[in-house]
Amino acid sequence: MAETLFFEALRAAIDEEMARDPRVFVLGEDVGHYGGSYKVTKNLYKKYGELRVLDTPIAENSFTGLAIGAAMTGLRPIIEGMNMGFLLLAFNQIANNAGMLRYTSGGNFQIPLVIRGPGGVGRQLGAEHSQRLEAYFQAVPGLKMVACSTPYNAKGLLKAAIRDNNPVLFFEHVLLYNLKQDIPESEYLLPLDKAELVQTGQDVTILTYSRMRHHVLQALPELHQRGIVPEVIDLISLRPLDWDTISASVRKTHRVVVVEECMKTGGIGAEISAGIMERLFDELDAPVVRLSSVDVPTPYNGTLERLTVVQPPQIVSTVVDLVGGKI
Amino acid sequence: MVQERPVPVFSPTAAPVSREEGLALYEDMVLGRTFEDKCAEMYYRGKMFGFVHLYNGQEAVASGVIRGALRPGVDYVCSTYRDHVHALSAGVPAREVMAELFGKVTGCSKGRGGSMHLFSAAHRLLGGYAFVAEGIPVAAGAAFQTKYRREVLGDQTADEVTACFFGDGACNNGQFFETLNMAALWKLPIIFVVENNKWAIGMAHERATADPHIYKKASVFNMVGVEVDGMDVLAVRAVAREAVARARAGEGPTLIEALTYRFRGHSLADPDELRSKEEKEFWLSRDPIKRLGSYLLEQDLATHQDLKAIDQRVKQVVEDAVAFAEQSPEPDPSELRRYVFAED
């Protein structure tokens with residue numbers, strides 16, 4: 001085991017996969033000489049050359065299209081969104097071509113492509129740099145969406161995403177890059193379509209992902225003090241959702257809280273809530289509760305920004321209210 | 001009288017064509033024209049649906065570039081929503097294209113794509129792209145792949161050139177400029193072929209762009225830009241050959257502006273009310289198929305019987321394509337979800 005920072009785990013994943021398969025290459029803004037906005041690709045260009053760690057002009061829609069064309073013809077590109085929000089400028093290429101082209105072409109082409117980078121609400125970065133793209137992209141057929149949350153799962157998931165033959169949107173979080181964890185020195189991969197059972201419990205199922213996993217973990221001690229033991233599930237795969245894991249937990253606890261960083265309207269929690277209603281209605285002892293970001297552009301002001309995103313005390317009070325009748 | 005932009009003068013002696021090549025180009029253009037006329041007929045008979053954009057009048061561009069300068073099936077071709085004839089020139093069988101338009105499972109996109117989404121990996125057709133300009137960066141990606149295979153993977157056989165077709169309307173879109181920049185910056189083996197047919201649906205080219213000379217837009221990327229008479233297949237073939245040679249030699253991309261015209265409306269749903277009768281007549285008088293036919297006869301490269309035989313043969317091919325499409329099965333409803341992911 002070696003203590004590894006989150007961004008180092010991501011770099012190791014890319015490095016190992018580039019060494020393993022010469023068709024794998026990275027492209028994006030400042031991924032080469034500069035080493036990436038969060039240093040995930042630092043010095044990789046020295047090892048692999050400038051074509052394999054390709055600094056692109058600031059032209060998101062077109063370099064994404066270029067990566068799609070390269071993937072269609074046999075390469076395995078990894079796009080780094082300098083900030084994932086910038087990829088709204090590539091929405092057309094991601095949706096129409098990465099997502100739908102395999103289907104539209106009747107299976108003529110496959111698109112092994114990873115689109116990864118920092119997203120989520122950081123520290124007073126302003127609205128445009130605080131995007132959570134998962135809600136926008138969850139309706140696109142053909143895309144897989146994965147959100148990593150620890151150095152351990154970041155590495156194993158990214159390696160699996162690079163080996164996957166589909167386009168994978170791979171979400172990292174700006175505030176997690178310096179998280180530390182002991183991770184195995186030997187190679188490992190993690191499945192892209194499996195949720196992670198973070199903590200077993202029986203009183204309520206908390207479904208979360210990305211940075212909100214850590215807010216949930218911060219809420220746990222107080223909940224435990226109050227005698228409430230939630231089952232915490234990190235969704236990992238935002239599309240497709242791991243309904244086996246979600247269902248098993250709901251059948252056990254009969255209560256669900258979704259804690260997410262995307263906005264409430266049309267978010268991941270909205271999809272989960274509808275899915276639980278359709279599949280597990282009779283299992284529920286209470287309506288599904290969604291704790292989401294407020295439906296506003298993320299404000300710059302620190303106080304307002306904190307109010308926008310779900311905080312641990314809010315998780316505690318919501319869970320207590322929901323489970324209260326049961327305890 | 002319509003003031004038309006003067007086309008550059010081309011002397012066929014500059015790039016002589018053999019009888020065999022001349023007849024092959026002629027046949028390819030006749031196939032494109034006959035196929036499209038049949039599409040109109042089938043559309044009005046309710047055999048195909050959606051937006052169907054025909055290529056009549058522009059045949060010299062597809063044939064001159066793909067048949068005249070590329071190696072179909074080896075080099076990559078990227079098209080737009082007006083893609084039937086690019087697909088045919090790239091070697092996709094007429095049967096597969098017609099069956100796709102009929103929505104049949106035997107179509108080149110298994111009935112999932114339709115008129116604007118023709119694909120064939122086997123023929124290196126990267127696709128019909130239905131949104132204007134979105135195919136341009138994808139084509140550059142295929143070209144990047146060729147460069148990557150050669151320079152990173154050490155594959156000395158990697159010498160494909162990608163031909164990327166699009167219209168005048170696309171040349172005001174960011175993806176056009178962004179991709180030209182990257183292609184020139186990295187010297188990608190690609191040729192950008194603008195089919196300037198003067199109209200983006202109802203938007204006249206000169207109403208949409210500050211400088212109507214599209215080929216000049218290459219200069220700001222230190223790229224070679226050339227204009228060519230898009231109604232003269234031999235002229236198109238000549239400039240395309242130079243561009244392909246440049247690309248293959250690692251000297252980077254070329255922007256070719258082919259001055260051409262569509263003889264029909266934007267799509268079969270377009271009432272075509274804005275283009276003047278004079279303008280249409282002017283361009284109809286420059287029909288690229290008649291022009292090549294006359295040239296081949298003048299030069300004693302072909303006889304009337306040769307051309308007639310081609311017309312007959314192509315007619316059979318298109319009739320056969322229709323019969324094949326008619327008789328082909330629909331996609332299996334149980335396979336509605338197939339092809340969403342790579343494993344399907």
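1. Domain spacing in chain A. In this predicted model, the C-alpha centres of domain 1 of chain A and domain 2 of chain A lie 26 Å apart. Domain 1 covers residues 2–183 of chain A, and domain 2 covers 196–322.

2. Contact between the two domains. On one side, 22 residues of domain 1 of chain A take part; on the other, 24 residues of domain 2 of chain A. Four elements of chain A each supply at least two residues of the domain 1 side: helix H6 (134–137), strand E6 (144–147), helix H7 (151–163) and strand E7 (167–173). Which element gives the most to this side? E6(A) does, with four residues.

3. Make-up of the domain 1 side. Eleven residues of the side of domain 1 of chain A that touches domain 2 of chain A are nonpolar. Eight are polar and three are charged.

4. Cis peptide in chain A. Most peptide bonds are trans. The bond that joins A:Arg239 and A:Pro240 is cis, with omega about -5°. A:Pro240 sits in the loop between strand E12 (237–239) and helix H9 (243–253) of chain A.

5. Helix H2 of chain B. Is this helix, residues 59–69, largely enclosed or exposed? Eleven of its eleven residues are buried, so H2 of chain B is largely enclosed by the rest of the structure. The buried set includes two charged residues, B:Glu59 and B:Arg67. Also buried in H2(B) are B:Ser63, B:Gly64 and B:Gly68. Among the nonpolar members are B:Val61, B:Val65 and B:Ile66.

6. Positive phi at B:Arg124. Most residues other than glycine have a negative phi. B:Arg124 is not a glycine, yet its phi is positive, about 55°. Its place is the loop between helix H4 (94–101) and strand E2 (125–128) of chain B. Is B:Arg124 buried or exposed? B:Arg124 counts as buried, because 22 other C-beta atoms lie within 10 Å and the cut-off is 20 or more.

7. Positive phi at B:Lys198. Here too a residue that is not a glycine has a positive phi: B:Lys198, at about 80°. B:Lys198 lies in the loop between strand E4 (190–196) and strand E5 (199–200) of chain B. How many other C-beta atoms lie within 10 Å of B:Lys198? There are 20, so B:Lys198 is buried. That count meets the cut-off of 20 or more.

Notes: Residues are numbered from 1 along each chain as its sequence is written. Chains are lettered from A and ligands numbered from 1 in the order in which they are written. This is a predicted model: local features need pLDDT of at least 70, side-chain atom pairs count only at pLDDT 80 or more; totals for chains, interfaces and linings use all residues. Domain bounds come from an automatic or database domain assignment. Two residues are in contact if their C-beta atoms, placed from the backbone, lie within 7 Å. A residue is buried if 20 or more other C-beta atoms lie within 10 Å of its own, exposed if 12 or fewer, and partly exposed in between; C-beta atoms are placed from the backbone.
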